[in-house]
Amino acid sequence: MKKSGFKFLVVLAVSIWLTPFASFAEVISADSAFQSFPPMPIIVTVSDMPNDPGGALIVEWSIPDADSLTLASMNVYQISRSSNPDSEFESITSLVAGSTRYEDSGLEDGKNYYYRIIAFDNDNRLAEGTGGPGVPSGQWFNTGRIPILIMVVLFATTAIGFIVSAKKGYKFYVRPIAGIRAVDDAIGRATEMGRPILYVPGLGTASEVATIAAFTILGRVARKVAEYNTRVIVPNYDPVVMAVCQEVVKGAYTAAGKPDMYDANDVYFVTQDQFPYTAAVNGVMLRQKPATNFYMGMFYAESLVLAETGFISGSIQIAGTDQLVQIPFFVSVCDFVLMGEELYAASAYLSQEPQQLGTLKAQDWGKVLVVVLIIVGMIFSTFGWESFAAWFDVG
Amino acid sequence: MRREIPLVIVFLFGLFMIVQFFIPHRSFAFLYQEFNNWTIIIGIFTMVIGVGSLITVHYSKIRFKKPGWGYSIVTIVSLCGMSLIGLIGGTENELFLNLYRYGLSPVTSTMFSLLAYFIASAAYRAFRARTVVATLLLISAVVVMLGRVPIGQIITAWLPEWLQLQNIADFLLQTPNVAAKRAIYIGVGLGVAAVSLKIILGIERTWLGGDGGK
Amino acid sequence: MENPGIGIVLWYTLAAYLTLSIFSFLYKDNPFYRLAEHLIVGISAGYWIAILYHTSLKDLWLQPLAANFMALFAPGGSPLLEIGLIMTSIVPGLLGIMMFSRFFSTISWLSRWPIAFYLAITAGVALPLYLQSFTIRQMQACMIGLAGSPWEIFGDVIIIAGTICGLAYFYFSLEHKGVIGGLAKFGIWILMIGFGSTFGYTVMSRISLLIGRFDFLIEWYEIVINYAKS
Amino acid sequence: MAGNVEMGFWDKLMAIDRRWIYLTIGIVVFIPILLDMTLPVYVTAEVKAVYDRIDALPQGTVVMIPCEYDPATMAELRPMAHALFRHCFAKDLKIVSCALQIEGVTLVKDDLALIAAEYGKTYGVDYVYFGYKPFPAIVILNMGENFRKPFPRDYYGTELDSLPMMKGVVNYSSCALLVNINATSGADYWINYANGRYKAPLALGVTAVSATDYYTFLASGQIFGLMGGLKGAAEYEKLINHNAAATKAMNVQSIAHSVIVVFILIGNIAYFASRKRKKAI
């Protein structure tokens with residue numbers, strides 16, 4: 001054994017000298033000529049990667065003859081690939097001890113691929129095997145997402161059902177939410193004080209649904225503002241959000257019959273940078289002294305900076321966000337907070353249109369379903385039937 | 001036409017994006033990627049409008065000599081200066097990088113660090129045991145605040161282990177905190193689905209202006 | 001510390017000046033803060049213009065557009081595919097340009113097309129994704145078997161009960177009375193304990209940010225002193 | 001009369017000018033930075049796990065410490081990186097590092113060079129720094145195949161193969177373990193790809209805020225250790241017996257947290273005292 005170790009070192013030195021850029025895997029295969037016993041067979045299976053766009057295969061292997069001690073000594077698995085089992089295999093990677101699976105990607109759909117796995121301990125080729133062919137292909141339906149599909153269809157049909165029945169004149173009861181009722185009062189207060197209203201649509205881009213919810217609340221606020229002859233200031237972080245906010249405010253003024261009151265300079269862009277934006281909004285609060293500040297949409301660390309500055313300038317503050325980490329700060333400093341889902345419900349509430357309230361009903365039924373499933377899943381899991389819970393483990 | 005076409009666009013593309021979620025095939029993945037890129041490209045074009053708006057606001061302040069118009073000059077000059085340096089000299093040139101390192105970056109981190117002060121004054125003002133709810137907020141905040149630093153361990157080291165502050169803090173973070181998070185997230189998922197559905201179906205159309213498109 | 005050049009000293013001094021200007025806001029609004037605020041809004045907007053131009057606009061639009069044009073005039077390839085590819089560059093450009101219609105009041109309604117497209121993508125992506133990663137995943141995480149030590153079971157029960165009661169708090173179609181009122185009350189307790197712990201937890205990283213700024217000021221002081229000495 | 005004066009005091013205290021609070025916070029954070037003092041630090045199991053695992057490695061073993069922090073987050077994570085580098089160099093281990101967050105590239109380079117100089121270590125022999133490449137997920141995946149795939153050259157433009165230390169160092173399997181220090185959500189990529197796909201033993205160092213999110217991975221065994229924010233770094237400093245920035249900052253934290261708690265207590269005492277008075281009247 002010592003001798004073979006010495007030989008290994010000589011070969012290693014020579015091969016390093018011959019191929020200065022030789023990779024680790026190649027060094028080992030040069031040594032494999034010095035093994036003293038035939039390698040054990042590795043059973044290699046190659047299958048198409050399920051639910052993928054294509055171009056990927058899964059290679060799995062096992063070594064049935066190896067005992068746990070031998071398995072433990074195999075510390076490198078060298079994986080090579082070929083499109084023809086009889087021709088040269090190209091080495092693609094080497095994996096650490098204990099690996100039994102490799103996902104190969106970047107392949108061509110519809111072609112055959114064969115894989116060879118060789119297991120080494122430090123200097124011996126202990127086992128090897130070839131498997132295949134595998135043919136990569138892309139799928140037209142992701143079976144892993146069936147639970148989501150069911151959920152989407154259920155939700156959409158329930159919602160549409162409620163919307164239709166609302167159109168037919170069915171009235172829904174929705175309980176009052178403090179933060180939403182405060183919106184109207186806050187606008188009234190601004191009118192009395194003769195001071196403007198500040199509406200911060202958050203740091204989200206228009207590709208966040210929280211921002212879309214902020215648009216609809218802004219629509220309501222702007223409409224009231226127009227009716228009361230006050231002014232609403234909307235500094236923006238994202239230019240697309242600004243464009244939509246301008247559209248919303250302009251529309252609201254037009255709808256209130258006061259299109260001349262709309263001033264494009266009140267709905268403006270600041271900068272797409274978190275804290276410079278915050279600094280500018282702080283400036284607005286301190287100098288224009290708005291009577292009411294609205295923070296609706298996505299907020300990050302700046303939430304508390306804004307809310308404290310607003311407090312210092314003596315404004316009433318109403319916040320709404322689904323950002324979990326920021327809710328506590330808004331709760332501590334603002335007068336009213338729309339937490340999480342309430343932000344999304346607010347637009348339906350404020351419009352009081354029966355169709356909008358219909359989707360609220362669907363949300364509530366969704367919650368009932370979730371609670372039932374949680375209880376059932378918990379009971380099943382407690383009695384050992386874990387596959388029910390696992391079915392919802394969707395990727 | 002002015003309202004119908006946008007509503008058709010919203011319906012068709014919204015539906016497509018829902019459908020593609022369930023179809024992993026390469027062709028759909030390609031379109032998904034493309035459409036996402038399109039939104040970014042639209043965003044970049046809109047940036048021109050955004051910057052135009054920023055300049056207009058400050059220009060009108062300067063023109064009508066509104067209070068503080070001098071500061072507006074600073075904004076316009078620094079905006080033009082920084083963008084020209086970056087556009088002409090590239091983003092790797094030393095002056096551009098230094099303005100970032102020694103101009104933008106310290107302001108960002110200092111604004112961020114103001115939170116240390118604000119968090120203290122907010123805690124002083126808001127954490128009063130007025131109601132049960134406020135008391136719970138207050139107690140859990142204090143326990144976690146002390147439990148996360150050595151002092152919390154020092155002052156409760158004499159107690160049995162499960163009563164020591166750091167362990168209570170861990171319990172709060174890993175149990176009620178997780179429950180609160182889950183309740184909010186489950187609701188948010190449903191709320192987002194509802195708003196998205198309303199947008200796609202054209203029920204929610206505040207964004208079209210004119211009070212919901214009427 | 002090695003001897004700093006005058007350039008570094010000046011840059012550091014600018015950074016320190018801006019740092020102190022922002023801190024001065026804690027006392028009250030003042031010209032220093034106001035100047036820093038206006039300066040930084042300009043610098044930051046300018047910074048993002050340059051970054052967006054060099055990264056996104058070039059990489060996502062200009063270069064593919066140019067490449068697709070070249071491919072169209074190069075021999076070989078399927079013309080249909082090439083026209084399709086070039087459309088993938090032209091259409092978003094057109095949508096982007098439509099945004100400019102806002103400058104002209106008679107055709108400003110055209111800008112609703114790109115906005116509609118943008119919101120459609122947002123809504124379409126979010127609907128299944130949020131149901132998956134927020135609703136279903138969190139629900140699945142609650143489907144835990146009650147096993148282990150009494151203490152562990154207690155924790156799991158609190159999590160499950162807390163989640164259910166939290167949801168009861170967000171239930172809109174019933175008044176908070178009777179059973180649902182009780183559940184909602186426990187729900188809001190759990191929410192508040194959660195919020196309190198998040199608040200307490202966040203304090204730590206906020207304090208360390210302040211330490212970072214003080215460290216910077218000390219560093220600046222040392223650099224200036226070293227320069228003055230040399 | 002006395003009662004009136006007292007009531008006035010409590011009411012005043014409740015409505016104390018916020019600037020006094022700011023001033024106090026400023027002082028209690030600034031003064032301890034200047035002073036040299038030590039409070040005891042308790043070492044948690046998840047940090048000890050990282051230490052033990054590294055401490056048990058034989059001389060010359062290669063470990064990988066990819067760092068992702070930037071000027072905004074360095075206050076929290078830099079001390080952690082320093083402590084880890086110190087431990088590895090003191091044990092004569094070899095370090096491979098990279099930075100997958102662009103704002104942190106030069107920062108990490110400087111930090112690595114600084115600690116290496118402390119221990120008289122040579123670049124290319126004792127440590128190698130790859131630098132930055134965009135799209136962390138893809139880079140992490142590709143490094144699982146071969147470090148040379150995303151990084152044919154190191155940060156300084158030298159070919160990896162011409163660095164003596166990189167001989168035979170192919171991918172994660174050539175490293176005894178990985179410790180990712182990460183201020184972003186990019187730590188998920190390391191868990192999913194480096195550990196999930198390539199089975200590399202992984203530990204994480206994250207900011208205090210995100211540490212709670214990663215305890216689940218610790219429980220599931222996907223990561224073998226976890227260090228959260230300055231507290232994690234202070235524990236590590238204690239383990240390697242080299243008190244530095246984190247220990248100092250932890251003292252500041254301890255004092256600042258206590259002061260905030262005292263504020264809350266005073267606020268509540270004032271609140272109850274003034275309420276009692278009002279009831280009596």
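These legends describe close-up views of a predicted model.

**View 1. The largest nonpolar core draws on several chains.**
This core holds 326 residues. V221(A), A123(B) and L119(C) have the most contacts inside it. Helix α4 of chain B, residues 94–126, gives the largest share of the core, with 19 residues. What does L119(C) touch, beyond residues up to four places away in sequence? In chain A, its contacts are A206(A) and I212(A). In chain B, L119(C) touches V10(B), I199(B) and W207(B).

**View 2. A second core lies apart from the largest one.**
This other core has 22 residues. Among them are V46(A), Y115(A), I117(A) and L126(A).

**View 3. Six strands of chain A form an open, parallel sheet.**
Read across the sheet, the order is β11-β10-β9-β12-β13-β14. Strands of a sheet pair through backbone hydrogen bonds, and the pairing can be parallel or antiparallel. Which strands of chain A stand at the edges? They are β11 (267–269) and β14 (336–339). Each has a single partner strand, so one side of each has no neighbour in the sheet. Direction ignored, neighbouring strands here are turned by 15° against each other on average.

**View 4. Strands β9 and β10 of chain A run side by side in parallel.**
Strand β9 covers residues 197–202, and β10 covers residues 232–236. How many bridges join β9 to β10 in chain A? There are 2 bridges. I197(A) stands opposite V232(A) in β10(A). L198(A) has I233(A) as its bridge partner in β10(A).

**View 5. Strand β10 of chain A is covered on both faces.**
In β10(A), 5 of its 5 residues are buried. In a regular strand, side chains alternate between the two faces of the sheet. Which residues of β10(A) lie on each side? One side has V232(A), V234(A) and N236(A). The other side has I233(A) and P235(A). These residues on both sides are all buried.

**View 6. Three strands of chain A form an open, antiparallel sheet.**
The strand order is β2-β3-β6. The edge strands in chain A are β2 (43–48) and β6 (101–104). Why is one side of each left without a neighbour in the sheet? Each edge strand has a single partner strand, so its other side stays unpaired in the sheet. On average, neighbouring strands are turned by 20° against each other, direction ignored. β2(A) pairs with β3 of chain A, residues 57–62, over 6 bridges. The sense of this pairing is antiparallel. In β3(A), L57(A) is the bridge partner of D48(A).

**View 7. Chain A is seen as a whole.**
Chain A has 13 helices and 14 strands. What share of its 395 residues counts as buried? The share is 50%. Take the contacts in chain A with a separation of 6 or more: 68% of them join residues 24 or more positions apart.

**View 8. Chains B and C meet along a shared contact surface.**
Here 99 residues of chain B are in contact with 97 residues of chain C. Which helices of chain B each supply at least two residues to the side that touches chain C? They are α1 (4–20), α2 (26–63), α3 (69–89), α4, α5 (132–147), α7 (165–174) and α8 (176–201). The largest share of this side, 21 residues, comes from α8(B). By class, the side of chain B that touches chain C has 70 nonpolar, 24 polar and 5 charged residues.

**View 9. Chain D spans about 85 × 35 × 30 Å along its principal axes.**
That span is for the C-alpha trace. Chain D contains 10 helices and 7 strands. Its radius of gyration is 24 Å, whereas a compact globule of 281 residues would have one near 19 Å. Of the 281 residues in chain D, 48% are buried. Among contacts in chain D between residues at least 6 apart in sequence, 72% join residues at least 24 apart.

**View 10. M166(D) sits in a loop of chain D.**
The loop runs between α6 (136–145) and β5 (178–182) of chain D. Is M166(D) buried or exposed? M166(D) has 21 C-beta neighbours inside 10 Å, so it counts as buried; the cut-off is 20 or more. Leaving aside neighbours within four places in sequence, M166(D) is in contact with V128(D), L160(D) and D161(D). A117(D) is 49 residues from M166(D) in sequence. In space, the two are 20 Å apart, C-alpha to C-alpha.

Note on methods:
Residues numbered from 1 in each chain as written. Chains lettered and ligands numbered in written order. Predicted model: local features only at pLDDT ≥ 70, side-chain atom pairs only at ≥ 80, totals over all residues. Core = buried A, V, L, I, M, F, W, Y, C linked by C-beta atoms within 7 Å. Buried ≥ 20, exposed ≤ 12 C-beta atoms within 10 Å, placed from the backbone. Helix = DSSP H or I, 4+ residues; strand = E, 2+ residues; numbered from the N terminus. Contact = placed C-beta atoms within 7 Å. Pairing = 2+ DSSP bridges. Axes fitted to C-alpha atoms, helices over the stretch in contact; angles between N-to-C directions. Nonpolar A, V, L, I, M, F, W, Y, C, P; charged D, E, K, R; others polar. Rg over C-alpha atoms; globule rule 2.2 N^0.38 Å.
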